[in-house]
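Reader: Please take a close look at the internal cavities of this model, beginning with the principal one, and then place them against the open pockets and the chain as a whole.

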Amino acid sequence: MLAGKPYEAPDEKLPSALKDLDYDQYRSIRFLPERALWRGKNLPFEAQFFHRGFFYNNRVNIFEVADGKAIELKYRKADFSFGDKVPPFEDSDLGFAGFRIHAPMNRPDYYDEVCVFLGASYFRAVAKGQTYGLSARGLSIDTGEAKGEEFPLFKAFWLERPAPGATSLVIHALLDSKSCAASYRFTVRPGDTTVFDVEMSVYPRIEVPRAGLAPMTSMFFFGPNDRNAVDDFRPSVHDSDGLAVFNGKGESLWRPLNNPRDLQISTFQDLNPRGFGLMQRERNFFAYQDIESSFEKRPSLWVEPIGDWGEGGVMLFEIPTKEEVHDNIAAFWRPKTPLQAKGEHNYTYRLHWGPDSPKPHSLARFTRSGIGARGEDARLFVLDLVGENLKGIDPAGVKGVVTAEKSEVKNLVTQPNPHTGGWRLSFQCQVKGEPIELRALLTEGDKPLSEVWVYRWAP
């Protein structure tokens, strides 16, 4: 077994012409679509491959599984076009950097790109009508630690040849790092929501106290809750606008994201979580006004644990950034108990890539969080909600409940919003020079009408 052997660093040997490619040079290398795996075989999926170079120097071995046999797919220089920007080099057995899967998702006569596995243990996917946004990872280790993060790598993949008419594709993966090895079985189902069923087994070489399960990374640059020092023609720029959590107690939380001045780490402790994810709830083009980036078409990613995951917490990391090109948001599940050395740790979960998360209940949702100054040392919070359960309700019975740690809440107002068909909850809060934790929801008597809005305001 791989975990029983000493860790071996990945193979990064490359011809000199490929070692120092810049972004434009690497982008000019294209896999020829007519050479795609399963092209012309009347199968519902195809695979194309990425060349090594730029950030992607480590070799990944890829196999096709058919008729009970696994055959390695050999690198062939003739399968790629290089343009005139890449220096010449000799053809040799280079392996690949990763791959992408295509399927007829948007229309029956064209194979759309469905998902990509490229770089360390990163992968991402889209649903029908969407464009790429946030990424998932196979495993995270020591995220946010001062000593630095360990980045496990996918070192090999096995692609099962699909049957004619199949609606899913099975991908096996082998992950390796200094601390552990792991195996994965992904069952990929493209559609209006693209679903990955993930079966994962982790084999630590040493004790791993800070593992991140079902990790994901995204970008939040600014939005209506966080526009400090922003000089930009666009109202918002983000791949995700909030973290949603459906915890083991049946409570739904919504935490809008920030681009903070200093690193912010939040933990949502739980027992047997039912789901969590980084969401892109704002789907209106006019909230972004960016024709090229189409942020309104970026997918949300929801993790649905299968079985009991025990005690732990959903971790949220918000990292300061001055550019939208950097992923500055990370979220994952961290088990309370360390992953023990020489053991086997099995987890099963489902990833939902799409316009929304599966709705576990009929509670109203927070759709927009606007924050601005209101006098000296005060902030005005304006929260919009929508939901079928809010339509036709007696306004006299609706109440906004807001609590603030280390601060005083004033001028709490709850009212219908005729422009959205929902409701608006607004309040003021005194703020000083330290972060404050806020919590808000709508109720009717003792009955909650909405999910719970949780927020950390930091100066």
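**The cavities and their surroundings**

Author: The largest cavity has a volume of about 100 Å³. A cavity is a set of points on a 1 Å grid over the protein atoms alone where a 1.4 Å probe fits but cannot get out, and lining residues have an atom within 4 Å of a point. Volume is the space filled by probe spheres set on the points, which are joined across faces, edges and corners. The model is predicted, so local features need pLDDT of at least 70 and side-chain atom pairs pLDDT 80 or more, while totals for chains, interfaces and linings use all residues. Residues are numbered from 1 along each chain as its sequence is written, and side-chain values use heavy atoms, without hydrogens or water.

Fourteen residues line the largest cavity, and S252, R281, P360, R365 and E451 are the closest to its centre. Two elements give two or more residues to this lining, namely β18 (242-246) and β19 (252-256). The largest share, three residues, comes from β18. S252, one of the residues closest to the centre, is also the residue at which β19 begins. By class, the lining has eight nonpolar, three polar and three charged residues (nonpolar: Ala, Val, Leu, Ile, Met, Phe, Trp, Tyr, Cys and Pro; charged: Asp, Glu, Lys and Arg; polar: the others, Gly among them).

In total there are two cavities of 30 Å³ or more. The second largest encloses about 70 Å³ of space. Its lining consists of Y56, N58, V60, A97, G98, F117, L118, G119, A120, Y122, F154 and F157. Both β7 (112-118) and β11 (153-160) supply at least two of these residues. Nine of the lining residues are nonpolar and three are polar, whereas none is charged. The lining of the largest cavity, by contrast, includes three charged residues.

Next come the pockets, open sets of points with protein on both sides within 12 Å along at least five of seven lines. The largest pocket holds about 1,600 Å³ of space. Among its 40 lining residues, Y23, R27, Y56, L118 and R124 are the closest to the centre. Y56 and L118 also line the second largest cavity. Two or more lining residues of the largest pocket come from each of α2 (23-27), β1 (30-31), β2 (46-50), β7 and β8 (122-125). Of these, β7 gives the most, with four residues, and β7 also contributes to the lining of the second largest cavity. The pocket lining divides into 22 nonpolar, eight polar and ten charged residues.

The second largest pocket contains about 660 Å³ of space. Its lining comprises 31 residues, with D226, N228, N259, P260 and R261 nearest the centre. At least two lining residues come from each of β16 (220-222), β26 (365-373) and β33 (452-457). R365, the residue at which β26 begins, is among those closest to the centre of the largest cavity. Thirteen residues of this pocket lining are nonpolar, seven are polar and eleven are charged.

These spaces belong to a chain with two helices and 33 strands (DSSP runs numbered from the N terminus: H or I of at least four residues for helices, E of at least two for strands). Over residues 2-457 the chain is 2% helix and 45% strand, and the end C-alpha atoms lie 46 Å apart. Along the principal axes, the C-alpha atoms fill a box of roughly 75 × 50 × 40 Å. Buried residues (under 20% relative accessible area, 1.4 Å probe, protein chains only) make up 54% of the 459 residues.

Methods. Buried < 20%, exposed > 50% of the residue type's maximum accessible area, 1.4 Å probe, protein only.
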